[in-house]
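This tour proceeds stop by stop through a structure open in a viewer. At each stop, please make the suggested selection before reading on.

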Amino acid sequence: EFRRVLFRSYEMKADGSNITQIASVKAEVIDSVSYNSDCKKIIIGGKGINDQNGSGIYEVSTKTGKITKILTDAMINNQKDCILDGIGPGVLAVISKNSKFLYFASIPKGAKELQFGGIGSFPRRIYSCNLSNHEIKEIYKYKSPTIITDLTISY
């Protein structure tokens, strides 16, 4: 059975009063939620976000609630000679302080499924996406195949 999750973002005063909904996002799965350095953008990674096919990373404005596509499986698959097969599953993403780069964990092109203590998973690496030209680069490869379960950034 297909299930939906709903992510809602709220803003309130420090004393808990004046609660206002900022945004509402429908999805099959939401894997990660992070904020940019000035908390004006929420970065959401997941699958089936707002009825889009596949996995993707989206930006939600905390001022307007507008949801903007940043990077999706379809965008990656349309790139010539891309180093990834796609973005998901298990989308982890954060944005740089200057909002010019997106950092995310993904599976390299041609990766084979591995067994980690009886659990099957694909190895992951850390990539960057230049948001002005959508160029994707590998920025971190662990010396042996690994599962990345979280991704954070300090501003």
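Begin by selecting K26, which counts as partly exposed because its relative accessibility is 38%. The model on display is a predicted one.

**First stop: K26 and its partner**

Keep K26 selected and add D51. The two residues form a salt bridge, in which the closest N and O atoms are 3.1 Å apart. This pair links distant parts of the chain: K26 belongs to strand 2, whereas D51 lies in the loop between strand 4 (41–47) and strand 5 (55–61), and 25 residues separate them. D51, with a relative accessibility of 49%, counts as partly exposed. Side chains of opposite charge can pair when their charged atoms come close.

How many salt bridges does the structure hold? There are 4 salt bridges in the structure, and two others are visited next.

**Second stop: E59 and K41**

Select E59 together with K41. Their side chains meet in a salt bridge, at 3.8 Å from N to O. Because E59 lies in strand 5 and K41 in strand 4, the pair ties together parts that are 18 residues apart in sequence. Is E59 buried or exposed? Its relative accessible area is 19%, so E59 is buried, the cut-off being under 20%. K41 is partly exposed, with a relative accessible area of 23%.

**Third stop: K109 and D85**

Next select K109 and D85, whose side chains meet in a salt bridge at 4.0 Å, N to O. This pair, too, links distant parts of the chain, 24 residues apart. K109 lies in the loop between strand 8 (101–106) and strand 9 (114–116), while D85 lies in the loop between helix 1 and strand 7 (92–95). K109 is exposed, with a relative accessible area of 51%; D85 is partly exposed, at 43%.

**Fourth stop: D73, a charged residue without a salt bridge**

Move to helix 1 (residues 73–77) and select D73. This residue is buried yet has no salt bridge. Where is the nearest side chain of opposite charge? It belongs to K47 and is 7.7 Å away, whereas a salt bridge requires the atoms to lie within 4 Å.

Now display the backbone around D73. Its side chain reaches the backbone nitrogen of S55 at 2.9 Å and the backbone nitrogen of I87 at 2.5 Å. Leaving aside neighbours within four places in sequence, D73 is in contact with G54, S55, G86, I87 and G88.

**Fifth stop: S106**

From D73, keep G86 and I87 in view and add S106, which has its place in strand 8. At 0% relative accessibility, S106 counts as buried. A polar atom of its side chain lies 2.8 Å from the backbone oxygen of G86. Beyond its neighbours within four places in sequence, S106 is in contact with L84, G86, I87, P123, R124, R125 and Y127. To see how the chain returns to this place, select V91 as well: the C-alpha atoms of S106 and V91 are separated by 7.3 Å, although the residues are 15 apart along the chain.

**Sixth stop: S128**

Proceed to strand 11 (residues 125–130) and select S128. This serine is buried, with a relative accessible area of 7%. Which residues surround it, once neighbours within four places in sequence are left aside? S128 is in contact with L102, Y103, F104, E135, I136, K137 and I139.

**Seventh stop: two positive phi values**

Two residues other than glycine deserve a look at the backbone. Select D81, in the loop between helix 1 and strand 7; its phi is near 55°, a positive value. D81 is exposed, with a relative accessible area of 67%. Then select S99, in the loop between strand 7 and strand 8. The phi of S99 is near 60°, likewise positive, but S99 is buried, with a relative accessible area of 18%.

**Final stop: the largest pocket**

Finally, select E11, I22, C39, T62 and K63. Of the 13 residues that line the largest pocket, these lie nearest its centre. The pocket contains about 210 Å³ of space. To place it among the strands, colour strand 1 (5–11) and strand 2 (20–27), each of which supplies at least two residues of the lining. Strand 2 is also the strand of K26, where the tour began.

Key: Residues numbered from 1 in each chain as written. Predicted model: local features only at pLDDT ≥ 70, side-chain atom pairs only at ≥ 80, totals over all residues. Heavy atoms only, no water. Helix = DSSP H or I, 4+ residues; strand = E, 2+ residues; numbered from the N terminus. Buried < 20%, exposed > 50% of the residue type's maximum accessible area, 1.4 Å probe, protein only. Lys, Arg positive; Asp, Glu negative; His and termini not counted. Polar contact = N/O pair within 3.5 Å; in protein donor to acceptor, adjacent residues only side chain to side chain. Contact = heavy atoms within 4.5 Å. 1 Å grid on protein atoms, 1.4 Å probe; cavity = no way out; pocket = protein on both sides within 12 Å on 5 of 7 lines; lining within 4 Å. Points joined across faces, edges and corners; volume = space filled by probe spheres on them.
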